[in-house]
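Colleague: I should like to learn how helix packing, nonpolar cores and chain contacts are to be read from a model. May we go through one together?

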Amino acid sequence: MKAFSKLAWAALALLGAFCLGTVALRRGEQINALWIVVAAVSIYLVAYRYYALFIANRVMGLDPSRATPAVLNNDGLDYVPTNKHVLYGHHFAAIAGAGPLVGPVLAAQMGYLPGLLWLVVGVVLAGAVQDFMVLFISTRRNGRSLGDLVREEMGQVPGTIALFGAFLIMIIILAVLAMVVVKALAESPWGMFTVIATMPIAIFMGVYMRYIRPGRIGEISVVGLVLLLASIWFGGQVAAHPTWGPAFTFTATQITWMLIGYGFIASVLPVWLLLAPRDYLSTFLKIGTIVALAIGIFIVMPELRMPALTQFAASGDGPVWKGGMFPFLFITIACGAVSGFHALISSGTTPKLLANEGHMRYIGYGGMLMESFVAIMALVAASIIDPGVYFAMNSPAAVIGADTASAAAPISQQWGFTIPPQDLEATAAAIGEPTILHRAGGAPTLAVGIAQILHQAIPTGSNAMMAFWYHFAILFEALFILTAVDAGTRSGRFMLQDLLGNFVPALRRTDSWTANIIATGGCVALWGYLLYSGVVDPFGGIQTLWPLFGISNQMLAGIALMLGTVVLFKMKRDRYAWVTALPAAWLLICTTWAGLIKIFDGNPAQGFLAQARKYQAGIDAGQIIAPAKTAGQMEQVVHNAYLNTGLTVLFLLVVFSILVYSVKAILAARASTGRTDRETPYVPLTAEQQAAQANL
Amino acid sequence: MGTALVPLQHFATHRRVWRRLVQTARLCCGIPDYDNYVRHMLEKHPEQEPMDYKTFFRERQEARYGGRSGFRCC
């Protein structure tokens, strides 16, 4: 039996290698998307079976007889021993969001191969290891949060620095996510109408769940979902209407102001009214869409039309984002390969629900593998659409011009992705939008890919369904991004109150309306300022904000992995410390290198300082340099360049100070003869508790 | 199959799977299993009155979104 099992695993490994070889070696012909999916899934399974088991048994020394915080503090509320499949669902829903969907779409400008390789290798050796490790550390410390863990294992100062870093990262994330929404909704009355319609729907659900039939999530979510689908259909009618269509058409700047106002109001409203019900909708919609997409890919089995490698992989001069494969590919795809934000989830609710240490591998490592699979599907969705359409959607106006005729020329002739202008117009008409040009940000491109897959998977014979699915996909992304904006502003408010409370103690009082309004306003002002600067940026904003987001997210992952390394040394598991030390080193190298290039590179298209100098020289000489059209925009470019420099420097400082403290902690741990980690003492599961676990 | 008796549990499987799915969906929204909470209170804290479902639901909603956690992104 055992030999047979070994044989089966070897066969699976061979299958993965064969698929990957096919993906990598077949050049000049289109291959089927299933090659990618099967290659990724086989590698995930083999990594889960062998590498994750090695980490669980040798590196961590997991002990199924040890009582977890959920068992010890069981209160039926926060600490609940939970069935492992149920907890897996919860953990996955908490970590999966917009990130793994957007990054791979942007990375597709280099072709699908680099993104695929980084997603698979990154998740197996770095991302899943990080989630697993943080879950382990937190579970053995009563479910403490990442900030607390850093403080406990490394000291007070690095703990505060890590908290400050997390706050900065959250501001960047809110700005960049809001930017994705702005880019998707600008000049799109259909999208705008459906997104606005979600608010009354959510409020209706909230009131229903609070007063009419309290806590009946299931029935009202079904009603909400039906209303949502109806609003997508109705949005099409509204957009086509001669008066209502223009009434729901807004420019990017207008939507920015609306979002800023929305963020402020939504985060001071009671949670049950808008935030919670919309979060329920977005969670169910998210899981449903991911499952539908997976099924759709298997039914349709689409061909990948994007080449495996485009010329931008070598030149680093792509229109979607600038920079060579190293280090920028590893920054662009953050979530899906490795995401620092998961460290906050793995040290948040999940360790308080974990019934047994034996489940940790499945939830920590396995959950992240599933997220990587979602990213693979996003990569597939971006690669099955016509590359000409892909580049028309994602290139800024500065590169391809403002209309379809001017856009088709460079894409077809210079870059070699032949696309006639009428095809671009036909695509726009098919999805019910006035234009598809310069819709950077990933969401619209992904929506076109999802719409193509779902449209083919469910043949209705009607072309109108393509537009429906496109707006469904846009809504699905906008919905959980808005929820993230609103929930993030709330958490940001508490973090800001904590930080400011160090100077003005009165601001720490969370029950005070003045303190509440000041902190919320401060938080909204910070991300709103970044968002506005990005939206009015003539370069398109995503080009500069997304790398900042990637750098910050990877740095948080670096901090989490450094914490893991410190803990392994403190546990006297020195010989296994490479498991976290290697990915930590890789992330530090990538982010530092990317940060330094972003700041100091002499090419104005890439380096912030060079860009600032170039445009400042232009201002001094009284010239206007494209893509800026006015002197005001020239000032804006210079201002944004300095702003981004400042943020990058802050990130570098945060991560290097944590590195210094980590090295100090490791040296101290090596000098000591015994274990110095702060694990909670071992408590065995009682016979009664073990019996209860069998029934979970 | 043949003449072997179908075990009684056989008929409970689909219910259990459905129950797990409902529990997962609710936990994704931050609402742990209410029955499990009541059972816990009755067994471990018989002197305390368990919250009714309405109070339980509100308390959990507030704990998820009102506090410091609740931010999810990617």
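Colleague: Which residues in H16(A) meet which residues in H27(A)?

Modeller: This is a predicted model, and the contact is read from residue pairs. Phe328(A), Ile331(A) and Thr332(A) are the residues of H16(A); they meet Trp546(A), Pro547(A), Gly550(A), Ile551(A) and Gln554(A) in H27(A). By class, this contact has five nonpolar and three polar residues, and no charged ones.

Colleague: At what angle do H16(A) and H27(A) pack?

Modeller: One reads the angle together with the distance between the axes. Helix H16 of chain A, residues 325–332, and helix H27 of chain A, residues 542–570, pack at about 80 degrees with their axes 8 Å apart. Angles of 65 to 115 degrees count as roughly perpendicular, and H16(A) and H27(A) are therefore roughly perpendicular to each other.

Colleague: How do the axes of H9(A) and H27(A) cross?

Modeller: Here the handedness is read as well. The axes of helix H9 of chain A, residues 156–185, and H27(A) cross at roughly 145 degrees and come within 9 Å. The crossing of H9(A) and H27(A) is left-handed. On the side of H9(A), the contact includes Ala162(A), Gly165(A), Ile169(A), Ala175(A) and Lys183(A); from H27(A), Leu545(A), Trp546(A), Phe549(A) and Asn553(A) are among the residues taking part. The residues of this contact divide into 16 nonpolar, three polar and one charged.

Colleague: Which residues have the most contacts inside the largest nonpolar core?

Modeller: A core is read from its size, its best-connected residues and the elements that supply it. The largest nonpolar core has 252 residues, and those with the most contacts inside it are Ala175(A), Leu177(A), Ala178(A), Val181(A) and Ala392(A). Helix H25 of chain A, residues 464–501, gives the most to this core, with 21 residues. Leaving aside residues up to four places away in sequence, Leu177(A) touches Ala98(A), Ile481(A), Ala484(A) and Val485(A). Another core, of eight residues, lies apart from the largest one and includes Tyr615(A), Ala628(A), Val637(A) and Ala641(A).

Colleague: How many residues does the contact take from chain B and from chain A?

Modeller: One begins with the count on each side, then turns to the elements and the classes. The contact takes 29 residues from chain B and 40 residues from chain A. On the side of chain B that touches chain A, the elements giving two or more residues are helix H1 (13–28), helix H2 (34–44) and helix H3 (53–66) of chain B. H3(B) supplies the largest share of that side, eight residues. By class, the residues of the side of chain B that touches chain A are 14 nonpolar, eight polar and seven charged.

Definitions and conventions: Residues are numbered from 1 along each chain as its sequence is written. Chains are lettered from A and ligands numbered from 1 in the order in which they are written. This is a predicted model: local features need pLDDT of at least 70, side-chain atom pairs count only at pLDDT 80 or more; totals for chains, interfaces and linings use all residues. Two residues are in contact if their C-beta atoms, placed from the backbone, lie within 7 Å. Helices (H or I, at least four residues) and strands (E, at least two) are DSSP runs, numbered from the N terminus. Ala, Val, Leu, Ile, Met, Phe, Trp, Tyr, Cys and Pro count as nonpolar, Asp, Glu, Lys and Arg as charged, and the others, Gly among them, as polar. Axes are lines fitted to C-alpha atoms, for helices over the stretch in contact, and angles run from 0 to 180 degrees between N-to-C directions. Angles under 35 degrees count as roughly parallel, over 145 as roughly antiparallel, 65 to 115 as roughly perpendicular and the rest as oblique. A nonpolar core is a set of buried Ala, Val, Leu, Ile, Met, Phe, Trp, Tyr and Cys residues joined through C-beta atoms within 7 Å. A residue is buried if 20 or more other C-beta atoms lie within 10 Å of its own, exposed if 12 or fewer, and partly exposed in between; C-beta atoms are placed from the backbone. A crossing is left-handed if the near helix is turned anticlockwise from the far one by less than a right angle, and right-handed if clockwise.
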